[in-house]
Amino acid sequence: MIALRAFLGCVASCSGNFARQHERDYIMQTICELTQHQQQDNVRVVAMECLNRIVSSYYLLMEDYLAP
């Protein structure tokens, strides 16, 4: 949970990571899996906040993840 909140705070400074496809894929897979976390509601909430911030910050890179 602490790591997830820390990531939420630094999404804007992760542009180098989001520029590389394999790193972006790993980040998106991890965050999307956390939105389905079964144990704690607050993990899902913070993961959704991360997802929101990622899409807001890197919208042009999100085409592969925003399938119709």
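1. A good place to start is the surface, where Tyr59, Leu60 and Leu66 make up a nonpolar patch with about 390 Å² of accessible area together. A patch here is built from residues with over 30% relative accessible area and no salt bridge, joining nonpolar side chains (Val, Leu, Ile, Met, Phe, Trp, Tyr) within 5 Å and like charges within 9 Å. The areas come from the Shrake-Rupley method with a 1.4 Å probe, and for residues only the protein chains shown count as cover.

2. Please keep in mind that this is a predicted model: local features need pLDDT of at least 70, side-chain atom pairs count only at pLDDT 80 or more, and totals for chains, interfaces and linings use all residues. Residues are numbered from 1 along each chain as its sequence is written, and side-chain values use heavy atoms, leaving out hydrogens and water.

3. Look for Tyr59 in the segment after α4 (41-57); helices are DSSP runs (H or I, at least four residues), numbered from the N terminus. Tyr59 has a relative accessible area of 54%, so it is exposed (over 50%; buried is under 20%, partly exposed in between).

4. How many salt bridges does a search of the whole structure find? The search finds two, each a side-chain nitrogen of Lys or Arg within 4 Å of a carboxyl oxygen of Asp or Glu.

5. One pairs Arg44 with Asp41, with the closest N and O atoms 2.0 Å apart. Both residues sit in helix α4, three residues apart, about one turn of the helix. Asp41 is exposed at 53%, while Arg44 is partly exposed at 26%.

6. Another joins Glu23 to Arg20, whose closest N and O atoms are 2.7 Å apart. Arg20 is partly exposed, at 38% relative accessibility.

Notes: Helix = DSSP H or I, 4+ residues; strand = E, 2+ residues; numbered from the N terminus. Buried < 20%, exposed > 50% of the residue type's maximum accessible area, 1.4 Å probe, protein only.
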